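Let's take a friendly walk through a protein chain, one piece at a time. Keep the picture in view and look for each element as it comes up.

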Amino acid sequence: MNKAKDTYSAILGIFNKLSVQQRLMLGGIAVVAVVLLVFIMFTFNEPNYTVLYSNLSSEEASQVIDYLNSQSIPYKIENGGTAISVSKINVYEVRLALAGKGIPSSGMIGYEIFDKSTIGMSEFMQKINFKRALEGEISRTIIQQDGIENARVHIVTPEKAIFKDEQKEATASVVLKLRSGYLLSQNSISAIINLVASSIEGLNPDNVTIIDNKGRLLTKKNDKTEIALSNGKQYEIKSNIENYLAGKAQTILEKIVGYDNSDVKVNVDLDFKRIEKTLETIDPESQIAISEQTSKNSSSGKSLKDTNQVFAETMTTNYELSKSIEHMIEGSGNIKRITVAAVINGVQKEIVEEGVTKYVNEPRDEEQLKQLEMLLRQAVGIDDTREDKISIVSIPFENDRFANKFDDVSTLEQITPYFKYIMMLLAVGGALFVLKGLLGKLKDETIMIGTPAGSYANQSLDQLANNAPTWQPSGGELQQNLQKKKRKPNIDVGDIEDEISEEAVLKQMKQDKITNYVSKNPAEAAKLINSWLKEDEYS
């Protein structure tokens with residue numbers, strides 16, 4: 001307790017010995033430091049806002065703001081009220097909480113429309129509500145697909161006709177808002193078509209039309225002829241085989257030369273002819289008796305002495321040759337020929353020229369290319385009897401154009417997270433610059449602290465003044481100095497200057513002598529002042 005009190009007394013004593021100008025300067029420095037500290041706290045401790053929801057309608061934005069106000073969550077309204085941002089720490093928690101409340105609904109009304117009472121509603125209004133609910137539910141399902149930001153579905157269900165020939169088919173149209181730069185694949189478009197067709201009773205997939213927010217037609221009418229279907233199927237089979245073989249070759253090369261250092265393309269010629277054959281083979285040397293027939297005839301004549309007696313016997317044997325019947329069907333899609341083209345990046349080598357290290361991309365040697373060719377031949381299934389071809393070339397890849405682009409983006413992405421800290425350092429640097437300027441003004445009035453030495457330690461201010469050259473002012477000089485003090489006072493004290501006595505003027509003149517002495521002997525004066533401070537400290 002005593003130590004803290006002594007420290008406080010010492011600081012207060014030093015402050016009391018400062019001049020008025022020094023006190024004002026220290027006060028200004030303290031005020032500037034506090035202002036900068038408050039600025040840094042309020043500016044850089046502001047939460048990092050990120051977008052919670054965008055493209056909101058007025059009703060949805062109002063619901064989101066009501067929830068944020070009820071939970072005392074800070075937020076910002078941007079883009080004319082269509083986007084709301086919250087702290088990055090709370091964004092996921094707020095989204096989950098709003099999703100549990102069904103906010104926002106993206107302007108789509110689903111089956112919740114039937115949660116309200118429908119008493120007294122006409123049949124026509126019920127059908128309209130059902131149609132709106134069905135369109136909203138399908139739109140919500142489509143939005144969940146990757147790359148789709150928003151969707152609208154329009155359904156046309158004609159009334160049932162009495163006669164079947166007069167019945168019109170149901171139709172549907174879908175408008176998609178895609179993410180910037182995103183293109184839907186044909187598989188995704190087909191999936192959406194089948195989703196819409198399966199969700200609406202009696203809707204044929206051919207009656208579904210899809211466009212994007214730029215007015216581009218994403219669905220095309222398919223040719224249902226047998227030739228068109230066959231050609232489309234053949235192209236799909238050819239593409240699948242080529243991609244399969246190219247993937248096998250690419251996997252091997254990436255494990256050897258590294259990722260993104262090779263590219264493989266495969267072309268396959270397929271035979272889509274369908275041939276049916278029936279072969280019947282007969283062996284003439286392989287006879288087999290399948291039946292025998294014997295016939296006997298005899299005649300004894302008219303009397304015993306008749307010599308026209310006849311006896312005959314006939315034998316018939318039936319033979320059949322062995323034969324084989326073969327019925328063969330050759331399937332379509334047989335491989336007639338395979339051609340493989342592979343390009344491989346070169347090898348980086350370090351070269352020292354004139355003391356400077358450079359990296360040069362050189363092609364790979366022929367021995368390594370032959371080894372790679374042998375591996376690819378076995379992986380793809382090259383058959384020389386089909387006149388299959390394979391070509392492997394080592395050429396340095398050109399990546400500078402893309403490297404510069406990616407380097408710029410990565411540098412910007414790396415700087416962005418540290419932007420707040422960079423601004424804080426700039427603020428601190430600015431504060432130090434201001435403080436340096438203020439302290440520069442105190443440079444000439446700074447109290448010099450030295451070591452007590454010589455005979456000055458025991459001298460008083462009066463003794464120091466007596467050591468200076470002495471002189472007695474005359475009456476005229478005294479009166480002149482008195483009028484000078486009145487004309488140029490150090491401190492504006494009003495009419496009290498008229499009460500300054502001759503003794504006060506002599507005291508001021510004595511003080512001027514001391515000031516003159518100190519200006520001529522600053523080192524000795526500093527040692528004397530330091531000795532006085534030491535006496536106050538040890539007393």
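## A helix lying across a sheet

Helix α3 (residues 58-70) lies across β1, β2 and β3, and its direction makes about 20° with that of β3. Please keep in mind that this is a predicted model.

The three strands under this helix are a good place to start. They form an open sheet in the order β1-β3-β2, with antiparallel pairing. β1 (49-53) and β2 (75-78) are the edge strands; each has a single partner strand, so one side of each is left without a neighbour in the sheet. Neighbouring strands here are turned by 35° against each other on average, direction ignored.

What holds strands together in general? Strands of a sheet pair through backbone hydrogen bonds, either parallel or antiparallel.

Now look at the pairings themselves. β1 is joined to β3 (residues 83-87) by four bridges. Tyr 53 has Ile 84 as its bridge partner in β3, and Val 51 has Ser 85. Another helix joins in here: α4 (residues 91-100) packs on the sheet, touching β1 and β3, and its direction makes about 15° with that of β1.

On the other side of the pairing list, four bridges also join β2 to β3. One of the partners to find is Ala 83 in β3, which is matched with Glu 78. β2 and β3 form a hairpin with four residues between them, and in that turn Asn 79 has a positive phi of about 55°.

How many residues of β3 are buried? Five of its five residues are, leaving this strand mostly covered.

## Two helices that meet

Next, find helix α6 (residues 186-199). Its 14 residues reach 20 Å from the first C-alpha to the last, close to the 20 Å expected at 1.5 Å a residue. Helix α5 can be checked in the same way: its 21 residues should span 30 Å at 1.5 Å a residue, and the end C-alpha atoms are 30 Å apart, which agrees.

Which residues of α6 are buried? They are Ile 189, Ile 192, Ile 193, Val 196 and Ala 197. Seen down the axis of α6, the buried residues fall within an arc of 130°, so they line one face of the helix. On the other side of α6, Asn 187 and Ser 198 are exposed.

What do the buried residues of α6 pack against? Their neighbours are α5 (123-143), β4 (148-156), β5 (170-178) and β6 (203-212). Turning to α5, its buried residues are Asn 129, Ala 133, Leu 134, Glu 135, Gly 136, Ile 138, Ser 139 and Ile 142. The cover over them includes β4, β5 and α6.

## Another sheet, and a hairpin

Further along the chain, three strands form an open sheet in the order β7-β10-β13, and here the pairing is mixed. The edges belong to β7 (262-271) and β13 (389-394), each with a single partner strand, so one side of each is left without a neighbour in the sheet. On average, neighbouring strands of this sheet are turned by 10° against each other, direction ignored.

β7 runs antiparallel to β10 (residues 334-344), and 10 bridges join the two. Within this pair, Val 264 stands opposite Ala 342 in β10. Helix α8 (residues 366-380) packs on the sheet, touching β10 and β13, and its direction makes about 145° with that of β13.

Now find β11 (residues 347-353) and β12 (residues 356-362), which run antiparallel and are joined by seven bridges. Ile 351 has Lys 358 as its bridge partner in β12. These strands form a hairpin with two residues between them, and Glu 354 in the turn has a positive phi of about 55°.

Here are the joined strand pairs side by side:

| Strands | Bridges | Direction |
|---|---|---|
| β1 and β3 | four bridges | antiparallel |
| β2 and β3 | four bridges | antiparallel |
| β7 and β10 | 10 bridges | antiparallel |
| β11 and β12 | seven bridges | antiparallel |

## Stepping back to the whole chain

The chain has 14 helices and 13 strands. Of its 539 residues, 22% count as buried. The chain exposes about 39900 Å², with carbon and sulfur atoms supplying 54% of that area. Among contacts with a separation of 6 or more, 67% come from residues 24 or more positions apart.

Conventions:
Residues are numbered from 1 along each chain as its sequence is written. This is a predicted model: local features need pLDDT of at least 70, side-chain atom pairs count only at pLDDT 80 or more; totals for chains, interfaces and linings use all residues. Side-chain values use heavy atoms; hydrogens and water are left out. Buried means under 20% relative accessible area, exposed over 50%, partly exposed in between (1.4 Å probe, protein chains only). Contact means heavy atoms within 4.5 Å. Accessible areas come from the Shrake-Rupley method with a 1.4 Å probe; for residues, only the protein chains shown count as cover. Two strands pair if DSSP finds at least two bridges between them. The expected span of a helix is 1.5 Å times one less than its number of residues. The arc is that of the directions from the helix axis to the C-beta atoms. Axes are lines fitted to C-alpha atoms, for helices over the stretch in contact, and angles run from 0 to 180 degrees between N-to-C directions.
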